[in-house]
Amino acid sequence: MKASCEHHHECMKVIQRIIDREATDEEEAVFLTNKDQCLPCQEGYALELSLKKAIQSKCSVPCPEQLFAKIRAKLFLLFILISILIPLFC
Amino acid sequence: MDVSVEEKIIPDYKAKEIFEKEFMPHLDAMYNFALKLTADEDDAQDLVQDTCVKAFRFIGSFEPGTYAKAWLFRILKNNFINDYRKKSRGPSKVEFEWVEQSISSDEEYSEPAYFADLHAETVQEMMGDEITAAIQSLPVDFRMIIILCDLEEFSYEEMAKILHIPIGTVRSRLHRARAVLKEKLVEYAKKKGYH
C-alpha cells in the first residue's frame, strides 16, 4: 500500500465530490478501485466522511418554539395591513 | 430578492396556505443557518423573522412545487449580506475580500498535503460545540458553503443559485473551506489533547 499520494490534492477533490454525491459514476469507480492501494486516500475519505457526518449530527440546534409564534404574529399583522390598505388604493 | 422572476398575484388565503405548507417546515433549517451566520441567538431570530416577512411579501414570485428551501435560503443569505452584516459582529468587508482573493488564487493555494494530525476517529470524538466553534471561526463565505453543503445537503447547483456564484466557484470555495476547517480542527484537537 502507498504511504504517500502524488495526486493527493486532486484525490481530495474527488473524495469530496463522492461524499457530496456530485461525482460521476466513472470518477467514483476509479477512486474506489485505487483507494485500497493508497493510505492517504483511505484516511482522507474516512476523515471527510466523518466530518460531514459530525456536522450533520452535532451542529444542528432546534428552532426556539417562540419563533414560530413570533413569525405567525408578524404575518398576521402583515395580512391585516394588506387587507386594510389594498382596498384603499384600488 | 430576485426581481427578474415574474410575480403573480396570489390571494391572501392562498398565500397563507403556501406559507404554512411550503415554508414553515424549513424554519429549523433557516434558524440553524441564521445562527451560524450571525453567531447570536437574537440576531438569528430577527434574521429568520425578516426573511419570512420578505418571503410572504414576495410569495408571488415563488412557484409552488419548486424547491422552497433553496428559495428561502437565498432570501435569507441576501438579507444577511444586505442588512445584518453591517450591524452584526460579523466579518468585515476586508474579510470578504480576503476570501474572494483566496478563491481567485485557488490554483496557487497549496493545501496541506495530508492531515496527518486529524483522523476520522478524532472528529467522531469531538463535541458538537467544538466543531460549531471551528465553523463559526471561518470567514463567512466559507461558513455559508459548509453549512449549505454539509448540514443542509444542498446540491452544488442549488448552492450556486443560492450564493449567486458559478458552480466552479462552489467547488473551489467548498474545497478551500473544508481545508481551512480541518486546519482549525487540528488546532482544537491539539489544544484539547485529542489523539
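Gln37(A) touches Met1(A) and Lys2(A), leaving aside residues up to four places away in sequence. This model is predicted, and Gln37(A) is a handy place to start: it sits in the loop between α2 (25–35) and α3 (39–58) of chain A. From there we can move to Gln16(A), a residue of chain A that touches chain B residues including Tyr156(B) and His175(B), and then on to chain B itself, with its ten helices and zero strands.

**Gln37(A), in a loop**
- Gln37(A) is partly exposed, because its relative accessible area is 49% and the partly exposed class runs between 20% and 50%.
- The C-alpha atoms of Gln37(A) and Leu51(A) are separated by 23 Å, with the two residues 14 apart along the chain.

**Gln16(A), between two chains**
- Gln16(A) belongs to helix α1 of chain A, which covers residues 8–19.
- With a relative accessible area of 3%, Gln16(A) is buried, since buried means under 20%.
- Leaving aside residues up to four places away in sequence, Gln16(A) touches Glu48(A) in its own chain, and Tyr156(B), Leu174(B), His175(B), Arg178(B) and Lys182(B) in chain B.
- The side chains of Gln16(A) and His175(B) are joined by a polar contact of 3.2 Å.

**Chain B as a whole**
- Along the sequence, chain B reads α-α-α-α-α-α-α-α-α-α.
- Chain B has 195 residues, and 55% of them count as buried.
- Among the contacts in chain B with a separation of 6 or more, 77% are between residues 24 or more positions apart.
- The accessible surface of chain B is about 9200 Å², and carbon and sulfur atoms account for 50% of that area.

**Helix α3 of chain B**
- At the start of α3(B), a side-chain oxygen of Asp40(B) comes to within 3.1 Å of the backbone nitrogen of Asp42(B).
- The 17 residues of α3(B), residues 41–57, should span 24 Å at 1.5 Å a residue, and the end C-alpha atoms are indeed 24 Å apart, so the two values agree.
- Buried residues of α3(B) include Asp43(B), Leu47(B), Val48(B), Cys52(B) and Phe56(B).

**Helix α9 of chain B**
- In α9(B), residues 156–163, the buried residues are Tyr156(B), Met159(B), Ala160(B), Ile162(B) and Leu163(B).
- Viewed down the axis of α9(B), these buried residues fall within an arc of 165 degrees, so they line one face of the helix.
- Tyr156(B), one of these buried residues, is also among the residues that Gln16(A) touches.
- After α9(B) comes His164(B), which has a positive phi, near 60 degrees.

How values were computed:
Residues are numbered from 1 along each chain as its sequence is written. Chains are lettered from A and ligands numbered from 1 in the order in which they are written. This is a predicted model: local features need pLDDT of at least 70, side-chain atom pairs count only at pLDDT 80 or more; totals for chains, interfaces and linings use all residues. Side-chain values use heavy atoms; hydrogens and water are left out. Helices (H or I, at least four residues) and strands (E, at least two) are DSSP runs, numbered from the N terminus. Buried means under 20% relative accessible area, exposed over 50%, partly exposed in between (1.4 Å probe, protein chains only). Contact means heavy atoms within 4.5 Å. The expected span of a helix is 1.5 Å times one less than its number of residues. A polar contact is a pair of N or O atoms within 3.5 Å; within protein, one must be able to donate a hydrogen and the other to accept it, and residues adjacent in sequence count only if both atoms are side-chain atoms. The arc is that of the directions from the helix axis to the C-beta atoms. Accessible areas come from the Shrake-Rupley method with a 1.4 Å probe; for residues, only the protein chains shown count as cover.
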